[in-house]
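Here is a quick tour of the packing, the charge pairs and a few odd backbone spots. Keep the viewer open while you read.

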Amino acid sequence: AECYKNANRADRAEEARALSLYQKKEYGQAAALLLKHGRVREAAVCHEGTGRWVEAQELWERLGDPSRAFDCRIRGYEQSGQFDLAAEEWVRRGEMERAAENWKKSGNHRRLAAYHETRREWELAAVAHEKAGDLLPAAHAYKKAGRIDPAADLFVRGGGFAAAIPLLKKL
């Protein structure tokens, strides 16, 4: 950078300074300078490094990298507390475990219960149904998990007396 400055090449000196900041991971200072000098990829990395997901997403889209843009969009949703939107994006990508993490954070217990049911994780499904206030589906899930006592209790509380009677006889 100093060589360019001494040679009256202020533009090259500024670009060299931007690259130096980038190498030092001083992304907040480097991003705008890198962009000014056409170093879009490095600027996108800087925006990721500082958690400026919208800006990073836009740059990755501009560079034709939909995968990186997608990741930034999801991270932006997560950062802003839009966990249901993030979960739906993960579903589109087929990353169900990541979607489930976001449903849990958002309190979307119905979607979380459905996820656990597809994995035959009956007790986890029952707990999620219960948190959602869905007593009869929770009771059925507890029954599938072999948990007779909570299943019977939830059948009774949910008005499913016919299903509760055989379970109560087993207790």
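## Around Arg119 and Glu121

At 41% relative accessibility, Arg119 falls in the partly exposed class. Arg119 pairs up with Glu121 in a salt bridge, where the closest N and O atoms sit 3.1 Å apart. Glu121 is partly exposed too, at a relative accessible area of 23%. Bear in mind that this is a predicted model.

Glu121 also has a polar contact of 2.6 Å with the side chain of His116. His116 belongs to helix H9, residues 109-118, and with 11% relative accessibility it counts as buried. Skipping residues up to four places away in sequence, His116 touches Glu121, Leu124 and Ala125. So is His116 buried or exposed? It is buried, because 11% is under the 20% cut-off.

## Two loop residues with positive phi

Arg120 sits in the loop between H9 and H10. Its phi is near 60 degrees, which is a positive value in a residue other than glycine. Arg120 is exposed, at 62% relative accessibility.

Lys25 is another one to click on: phi is near 65 degrees, again positive in a residue other than glycine. You'll find Lys25 in the loop between H2 and H3. With a relative accessible area of 60%, Lys25 is exposed.

## Salt bridges across the chain

How many salt bridges does the structure hold? The count is 15. One of them joins Arg111 to Glu88, with 2.8 Å between the closest N and O atoms. Arg111 is in helix H9 while Glu88 is in helix H7 (residues 83-93), so this pair ties together parts that are 23 residues apart in sequence. Both ends are partly exposed: Arg111 has 32% relative accessibility, and Glu88 has 27%.

Asp134 makes a salt bridge as well, this time with Arg110, and the closest N and O atoms are 2.9 Å apart. This pair links distant parts of the chain, 24 residues apart: Arg110 is in helix H9, and Asp134 is in the loop between helix H10 (122-132) and helix H11 (135-144). Asp134 is buried, with a relative accessible area of 16%. If you'd rather look at a network, try Arg12, Glu15, Arg39 and Glu42, which are linked by salt bridges.

## The nonpolar cores

Nonpolar side chains tend to be buried together in soluble globular proteins. Here, the largest nonpolar core has 18 residues, and those touching the most other members are Ala30, Leu34, Cys46, Leu59, Trp60 and Cys72. Which elements give two or more residues to this core? They are helix H2 (10-23), helix H3 (27-36), helix H4 (40-49), helix H5 (53-62) and helix H6 (66-79). There is also a second, separate core of 13 residues, which includes Ile74, Ala86, Ala100 and Trp103.

Ala30 gives you a handy way into the largest core's contacts. Leaving out neighbours within four places in sequence, Ala30 is in contact with Ala18, Leu21, Tyr22 and Cys46.

## Ala69, and a long reach to Lys170

Ala69 lies in helix H6 and is buried, with just 2% relative accessible area. Apart from residues up to four places away in sequence, Ala69 touches Gln57, Trp60 and Glu61. Trp60 is also among the core residues that touch the most other members.

For a sense of scale, pick the C-alpha atoms of Ala69 and Lys170: they are separated by 55 Å, and the two residues are 101 apart along the chain.

## A nonpolar patch on the surface

Not every nonpolar side chain here is tucked away: Val156, Phe161, Leu168 and Leu171 form a nonpolar patch on the surface. Together these four residues have about 380 Å² of accessible area.

Where is Leu168 found? It is in helix H13, residues 161-170. Leu168 is partly exposed, at a relative accessible area of 44%. That value clears the over-30% cut-off for patch membership, so Leu168 passes the exposure part of the test.

Notes. Residues are numbered from 1 along each chain as its sequence is written. This is a predicted model: local features need pLDDT of at least 70, side-chain atom pairs count only at pLDDT 80 or more; totals for chains, interfaces and linings use all residues. Side-chain values use heavy atoms; hydrogens and water are left out. Patches are made of residues with over 30% relative accessible area and no salt bridge: like charges are joined within 9 Å, nonpolar side chains (Val, Leu, Ile, Met, Phe, Trp, Tyr) within 5 Å. Accessible areas come from the Shrake-Rupley method with a 1.4 Å probe; for residues, only the protein chains shown count as cover. Helices (H or I, at least four residues) and strands (E, at least two) are DSSP runs, numbered from the N terminus. Buried means under 20% relative accessible area, exposed over 50%, partly exposed in between (1.4 Å probe, protein chains only). A polar contact is a pair of N or O atoms within 3.5 Å; within protein, one must be able to donate a hydrogen and the other to accept it, and residues adjacent in sequence count only if both atoms are side-chain atoms. Contact means heavy atoms within 4.5 Å. A nonpolar core is a set of buried Ala, Val, Leu, Ile, Met, Phe, Trp, Tyr and Cys residues joined through side-chain atoms within 4.5 Å.
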